[in-house]
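Q: I would like a close look at one part of a model. Please keep the sentences short, and show me how each conclusion is reached.
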Amino acid sequence: MERQWLNISPEPFFHIVCPDLIGHGKSEKTNVKEFYTQQNQALSIVKIMDELGYKKAHVIGYSAGAWVALGLLNRFPERFNSVVLGGWDFKSGLPDTPEGKLSFEVFMSYARCVAPELTTSLSTDDEKSVRYFFDELRKYLGKEESFFPYSIPTLLWAGASDPYYASMAELAELHALPLLTGKGDHLSELKNLDKRSMNAILKFIQSPETFISSVT
């Protein structure tokens, strides 16, 4: 399977690797459903680390990326020094609607309105791969919540206007985890990350234990 990633070096801090997950960006958009499971998504990240020669790493996962990061924590905890989990409801997963869990059709309709730059180029086959990924997210039942708190230093992160914020704040309080509160909503928090939040994430990665002690 073809995998694409960006590898840059913001010296003197860290090498940053930003993978295109399967179905995203320039990575393969296969119609094999099994490739989109959380287990296989996590395994693909570990394989990238192996190819690049990284035995351990810090991981930052936002939204669906936080779901993938949970797969990494639950299956490959020995490979990570710290984790930042942003913009994901660890109790309920995708939001509920009057018709049940958020559907793919409603999600795509919303995405076309708020993020046309990400959706206008999708072909019919591309949309199939997005649906497979979405269907895996939709299966989430919050079982991973029982793994909290992890032995690996963990920082939760959400914008104050994110619909997931209340759930993340509840989880942070329940397990005495630090919570980084940004100024944005679900999309703007990631697309327009303010300097204060960026610096806080960097400080956490540089010294996770010290950061957690100072917050708690």
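To begin, how many disulfides does the structure hold? Then please turn to helix H2 (residues 64-75): what covers its buried residues? From there, lead me outward to the parts around helix H2.

A: Keep in mind that this is a predicted model. The number of disulfides in it is 0. A disulfide is a covalent bond between the sulfur atoms of two cysteines. Take two cysteines as examples of exposure. Cys18 has a relative accessible area of 40%, so it counts as partly exposed, between the limits of 20% and 50%. Cys113 reaches 63%, which is over 50%, so it counts as exposed.

Now to helix H2. Check its length to start with. The helix has 12 residues, and at 1.5 Å a residue they should span 16 Å. The C-alpha atoms at its ends are 17 Å apart, which agrees.

Next, its surroundings. Of the 12 residues of H2, 10 are buried, so the helix is largely enclosed by the rest of the structure. The buried ones are Ala64, Ala66, Trp67, Val68, Ala69, Leu70, Gly71, Leu72, Leu73 and Asn74. The cover over them includes two helices, H1 (38-52) and H5 (124-138). It also includes two strands, E3 (57-62) and E4 (80-86).

Look at the loop that leads from strand E3 to helix H2. Ser63 sits there. Its phi is positive, about 60°, although Ser63 is not a glycine. Ser63 has 22% relative accessibility, so it counts as partly exposed rather than buried, the limit for buried being under 20%.

Helix H2 also belongs to a wider picture. The largest nonpolar core has 43 residues, and Leu85, Trp88 and Phe90 touch the most other members. Several elements each supply at least two residues of this core, including H1, E3, H2, E4 and H5. Helix H3 (104-114), strand E7 (154-159) and helix H6 (165-174) do so too. H2 gives the most, with 8 residues. A second core of 10 residues is separate from this one, and among its members are Leu155, Leu180, Ala200 and Phe204.

One residue of H2 leads us to the aromatic rings. Trp67 forms one aromatic cluster with Tyr36, Tyr132 and Phe133. Across the structure, the count of aromatic pairs comes to 12. Tyr36 and Tyr132 make one tilted pair, with 5.9 Å from centre to centre and 50° between the planes. This pair links distant parts of the chain, 96 residues apart. Tyr36 is in the loop between strand E2 (16-20) and H1, while Tyr132 is in helix H5. Tyr36 has 0% relative accessibility, so it counts as buried. Tyr132 has 17%, which is under 20%, so it counts as buried as well. Another pair, Phe147 and Tyr150, is stacked: the centres are 6.3 Å apart and the planes differ by 10°. Phe147 is partly exposed at 43%, whereas Tyr150 counts as buried at 14%.

Tyr36 brings us to a residue in one of the helices that cover H2. Ser129 lies in helix H5. Its relative accessible area is 0%, so it is buried. Ser129 touches Tyr36, and also Gly23, Lys29, Thr30 and Asn31, leaving out residues up to four places away in sequence. Its side chain reaches the backbone oxygen of Asp126 at 2.7 Å.

Follow the chain on from helix H5. Pro149 is in the loop between H5 and E7. A cis peptide bond joins Phe148 to Pro149, with omega at about -10°.

Go back to strand E4, another part of the cover over H2. Ser92 lies in the loop between E4 and strand E5 (96-97). Ser92 touches Lys101 and Tyr140, again leaving out residues up to four places away in sequence. It has a relative accessible area of 29%, so it is partly exposed. Ser92 and Lys56 are 36 residues apart along the chain, and their C-alpha atoms are separated by 30 Å.

End with the loop after helix H6, one of the elements that supply the largest core. Ala176 is in the loop between H6 and strand E8 (179-182). Ala176 has a positive phi of about 55°, although it is not a glycine. Its relative accessibility is 54%, which is over 50%, so Ala176 counts as exposed.

Key: Residues numbered from 1 in each chain as written. Predicted model: local features only at pLDDT ≥ 70, side-chain atom pairs only at ≥ 80, totals over all residues. Heavy atoms only, no water. Disulfide = S-S within 2.5 Å. Buried < 20%, exposed > 50% of the residue type's maximum accessible area, 1.4 Å probe, protein only. Helix = DSSP H or I, 4+ residues; strand = E, 2+ residues; numbered from the N terminus. Polar contact = N/O pair within 3.5 Å; in protein donor to acceptor, adjacent residues only side chain to side chain. Contact = heavy atoms within 4.5 Å. Expected span 1.5 Å × (residues − 1). Core = buried A, V, L, I, M, F, W, Y, C linked by side-chain atoms within 4.5 Å. Phe/Tyr/Trp six-rings, centres within 6.5 Å; stacked < 30°, edge-to-face > 60°.
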